[in-house]
Amino acid sequence: MELTLNEKKLLVALGPVGSADAADLADLMETRREAVVQYANLAGERGLVDVEKRVSRRYTPTEEGQAYIGKGLPERQVLESFGETIPMRDLQSHPLAKIAIGWMRKKNWIAIKDGVVQKTGTTAPGPDEVAFARASESGSVEDGVGVADLIKRGLVQEEETVAYTVSITSFGRQLLAGGLDLQEEVGTLTRDQILSGAWKNLPLRRYDVTKLPKRAYPGKVHPYQRIIDEMRRILFDMGFEEMAGGIVQSSFWNFDALFQPQDHPAREMQDTFFLGERWPLPKGFERVRDMHEHGGETSSTGWGGAWSAAKAEQCVLRTHTTSLSIQHLAEHPKPPVKAFCIGRVYRREAIDPTHLAEFEQLEGIVMDEDVNFRHLLGFLKEFYGKMGFEKVRFRPGYFPYTEPSVEPEVYVEGLGWVELGGSGIFRQEVTAPFGIDYPVLAWGLGISRVAMLRLGLRDLRQLYKSDVEWVRETPTYGGRR
Ligand code: PHE
């Protein structure tokens, strides 16, 4: 068997001692401990040495804990700062009083009566203090009584140490006895060595090209954000511009401007997060009011009844991004308009694996002289196709602001048809008050569902958790088929 130079050096170092800690071997071999562990593991696979790994947990003082080393826990320090009694007010001026007084009482070291603190006479150190003293002296303490209390108080933290003991095997001894050539090996060739052909006679270091390298985890974009970026890219490619707007909206923009009646169930407290804030109504709100009350100047009859300005002023966390679409249209009432946004929306929901109180919607509008329902279906089909969903179908739907309305669904192997949002053509009751004379195709798609399907998740909440392990292990191609 041919040994690498490092294996030979390891055997030579182990020869006289038989067995040693990796850190000591590193000193002997004038290299790093990690390097020794690496050589030893390789040599171990070839039967030259045995490697024993020992993991131990110890507890070392945290930053706060370090501040008490040599001085004692706060309650001990404060207890020793006064005689038998002290007025509470004086005691409170001690810099550690805040932490210490509670503990001194809990440990029954003091009693407080009529504003005077009196020592009880019990002052024996408890197991927590004993453990802390040990951690202070030797830098760390093993698990034991009192340690749990210190952890809970954030005074010590767990630290895992791994030790390796390397021992030479009889096979290793045999090879060592046979004599080892310790000639340095060459790992990098120079230009001259290659040109002159000298490399042919050099002892070259061997590499095991079948070994897996250590995994590296460079920074990367969150899988969900990656999918959102992909969607934005697709929409830009399709010629859309991006709309922006805040998450706080007045009821006027979130509901009224969309011809959602003021007594609509979606406007109830149990469905919507209402805020204390109010926003003044925009110029021309009267046309929206008239539309609700009697249909304005159109042939619509409106919802009837009296429209309340106070109700419309009340702010909400936007329940859909359609509130941005209507504002964008109010600002751009002339065609053509082709705009989208991807933003978070908020609803009061009972949270479960597929329902959250906050999630993202992809909203879009297209307004032009002769766009029609077929364009809408075509757009949705095309968008989902680009996202990797080949089968798309449309179910009739209902929204107070669109007519006709459809709910697009995509087919997912193993799940069947999955509903992904709503869409339709804005009703005249929505467009007329803003002087919009052409058809507006509109949609609002739930995209966290799309991400969930693409990433193969069972629980939506995974998208919003700080789970580094999951982020690391999720491939960057985002499960694209
Ligand atoms: N706003 C609707 C929702 O949140 C979706 C929708 C948007 C429907 C635009 C029609 C038109 O469910």
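The following exchange concerns the ligand site of a predicted model.

The model is predicted, with local features requiring pLDDT of at least 70 and side-chain atom pairs pLDDT 80 or more, while totals for chains, interfaces and linings use all residues. Residues are numbered from 1 along each chain as its sequence is written, and side-chain values use heavy atoms, leaving out hydrogens and water.

Me: How many residues surround the ligand?
Reply: A residue is near a molecule if one of its heavy atoms lies within 4 Å of it. The closest are His 320, Thr 322, Arg 347, Gln 361 and Tyr 401. The number of residues surrounding the ligand is 13.

Me: How much of the ligand's exposed area does the protein bury, given the nitrogen contact of Tyr 401?
Reply: An N or O atom in the side chain of Tyr 401 is 2.8 Å from a nitrogen atom of the ligand, a polar contact being a pair of N or O atoms within 3.5 Å. Taken alone, the ligand exposes 320 Å², by the Shrake-Rupley method with a 1.4 Å probe. Of that area, the protein buries 92%.

Me: Which strand supplies the largest share of the shell around the ligand?
Reply: Strands are DSSP runs (E, at least two residues), numbered from the N terminus. At least two shell residues come from each of β13 (358-367), β17 (421-426) and β18 (440-446). The largest share, three residues, comes from β18.

Me: Is Gln 361 buried or exposed?
Reply: Gln 361 lies in strand β13. Buried means under 20% relative accessible area and exposed over 50%, with partly exposed in between (1.4 Å probe, protein chains only). Because its relative accessibility is 7%, Gln 361 counts as buried.

Definitions and conventions: A polar contact is a pair of N or O atoms within 3.5 Å; within protein, one must be able to donate a hydrogen and the other to accept it, and residues adjacent in sequence count only if both atoms are side-chain atoms. Helices (H or I, at least four residues) and strands (E, at least two) are DSSP runs, numbered from the N terminus.
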